[in-house]
Protein chains: 2
Amino acid sequence: MLNSILFYSLDKAIRSYRRMAQANIDRAGLAITIDQWLVLRVLLEHDDLTQHEIAEQVFKDQASVARMLALLTKRGLLSAVPLPNDGRRTKLRVTEQGQHLLDAVHPLILNNRARALAGISVEEIAVLQQLLERIAGNCVPTD
Amino acid sequence: MLNSILFYSLDKAIRSYRRMAQANIDRAGLAITIDQWLVLRVLLEHDDLTQHEIAEQVFKDQASVARMLALLTKRGLLSAVPLPNDGRRTKLRVTEQGQHLLDAVHPLILNNRARALAGISVEEIAVLQQLLERIAGNCVPTD
DNA sequence: GCAATGTTTATGATATATCATAAAAAATTT
DNA sequence: AAATTTTTTATGATATATCATAAACATTGC
């Protein structure tokens, strides 16, 4: 019954992937969540983003990002140095330890993606991606 | 950068849909979450499922379902009557109030789906669904 | 320079996700 | 029947999602 509903399949696909991916990371003894990994990846590229900008990049909201940053900092994967020109903000830098963890996780992520997409052609992936983007676009609030 | 990753698009599509759908339900003044709605819908069809079976239906885990059932019961949308033949379980029935809420939400859900899928043909939806199911299938744990 | 406005971060409240485990009850084995 | 195993539910711990709001700070307009 629910199987015939597209959004159920959508939810199931991403959650299946997440469970599988997280299980593989855990099994490798790496202490990081997929979401934390994503945030660190973004911060590796840009260390001058506001929480709101980070949130946009990873499609989360600012409150979630704030809590993830606090956690990542507590874990020593991220360093937050106050910015001289703005008393509210900090410069966020991935630490050595964070770097090592990212490096260790990277091949696993590639593996997970390959496994999830096994038997699906490049053309099919392109079609899929394009449809997903159209759906996301349709759901953007207008006002 | 992240935009080129399929799983990011996947995550974004379902989260965009959920935000839009929940916002519409909230705006209508209906006090229910999409997840709660889903569980109630399942219970409407079958009132003799274990928490584990419900979890399978809605693709959540038993712990999440347990908490949702407790909440739904507290809210008066669900009644839980002890089963005589099994001291652990209860018969879960959607209450009158739950029924009314489901009835009120239903047209909104149809609206939300239509909006999310605007401009996407039936054939495209079929392709999409089939690909999503293949991905979910690839992620199923083997052992 | 001050008031009003906007931005940025932090956090409270509530809900869900996930793993792990405890506790109770049922089913099975011997 | 008693012991063992399995099933079912509840809950602790931790992480994330979301909305709302507070607090600190920066910026703009006057």
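A salt bridge is a side-chain nitrogen of Lys or Arg within 4 Å of a carboxyl oxygen of Asp or Glu. Keep that in mind, since the rule finds four salt bridges across the interface of chain A and chain B. One thing to know before going on: this is a predicted model.

**How the two protein chains meet**

Let's stay with those salt bridges. One of the residue pairs is R134(B) with E124(A), whose closest N and O atoms are 3.1 Å apart. Between chain A and chain B, 20 residue pairs are in polar contact. On the side of chain A that touches chain B, two or more residues each come from helix 1, helix 2 (34-45), helix 3 (51-58), helix 5 (96-116) and helix 6 (122-138) of chain A. Helix 1 of chain A gives the most, with 15 residues. Sorted by class, that side of chain A has 29 nonpolar, nine polar and 14 charged residues.

How much area is buried between chain A and chain B? It is about 5000 Å², and carbon and sulfur atoms give 66% of it. The size of an interface is often given in just this way, as the accessible area lost when the parts come together. In terms of contacts, 52 residues of chain A touch 52 residues of chain B. The copies meet through the same surface, because 100% of the interface residues of chain A are also interface residues in chain B.

Now for the symmetry. Chain A can be superposed on chain B by a rotation of 180 degrees, with 0.0 Å of shift along its axis and an RMSD of 0.0 Å. The two copies are therefore related as by a two-fold rotation axis. Which residue of chain A comes closest to the rotation axis? That is L128(A), with its C-alpha at 3.1 Å.

**Around the DNA**

Start with DNA strand C. It is surrounded by 25 residues, and the closest are Q51(A), R67(A), R88(A), T33(B) and R75(B). Of the strand C atoms that come within 4 Å of the protein, 56% belong to sugar and phosphate. The surface near DNA strand C is made up of five nonpolar, eight polar and twelve charged residues. Helix 4 of chain B supplies the largest share of that surface, five residues.

DNA strand D also has 25 residues around it, and here the closest are T33(A), R75(A), Q51(B), R67(B) and R88(B). Sugar and phosphate make up 58% of the strand D atoms that come within 4 Å of the protein. For the surface near DNA strand D, the largest share is five residues from helix 4 of chain A. By class, this surface has five nonpolar, eight polar and twelve charged residues.

Here are some of the contacts with the DNA:

| Protein residue | Protein atom | DNA atom | Distance |
|---|---|---|---|
| R19(A) | side-chain N or O | phosphate oxygen, strand C | 3.1 Å |
| Q51(A) | backbone N or O | phosphate oxygen, strand C | 2.7 Å |
| T33(B) | polar side-chain atom | phosphate oxygen, strand C | 2.7 Å |
| T33(A) | polar side-chain atom | phosphate oxygen, strand D | 2.7 Å |
| Q36(A) | polar side-chain atom | phosphate oxygen, strand D | 3.5 Å |
| R88(A) | side-chain N or O | base oxygen, strand D | 3.0 Å |

**Back to salt bridges**

How many salt bridges does a search of the whole structure find? Over all chains, there are 16. Among them is K60(A) with D35(A), where the closest N and O atoms are 2.6 Å apart. This pair links distant parts of the chain: K60(A) sits in the loop between helix 3 and helix 4 of chain A, while D35(A) is in helix 2 of chain A, 25 residues apart.

Conventions:
Residues are numbered from 1 along each chain as its sequence is written. Chains are lettered from A and ligands numbered from 1 in the order in which they are written. This is a predicted model: local features need pLDDT of at least 70, side-chain atom pairs count only at pLDDT 80 or more; totals for chains, interfaces and linings use all residues. Side-chain values use heavy atoms; hydrogens and water are left out. A residue is near a molecule or strand if one of its heavy atoms lies within 4 Å of it. A polar contact is a pair of N or O atoms within 3.5 Å; within protein, one must be able to donate a hydrogen and the other to accept it, and residues adjacent in sequence count only if both atoms are side-chain atoms. Helices (H or I, at least four residues) and strands (E, at least two) are DSSP runs, numbered from the N terminus. Ala, Val, Leu, Ile, Met, Phe, Trp, Tyr, Cys and Pro count as nonpolar, Asp, Glu, Lys and Arg as charged, and the others, Gly among them, as polar. Copies are superposed by least squares on the C-alpha atoms of residues with pLDDT of at least 70 in both. Contact means heavy atoms within 4.5 Å. Buried area is the accessible area (1.4 Å probe) that two parts lose on being put together, summed over both.
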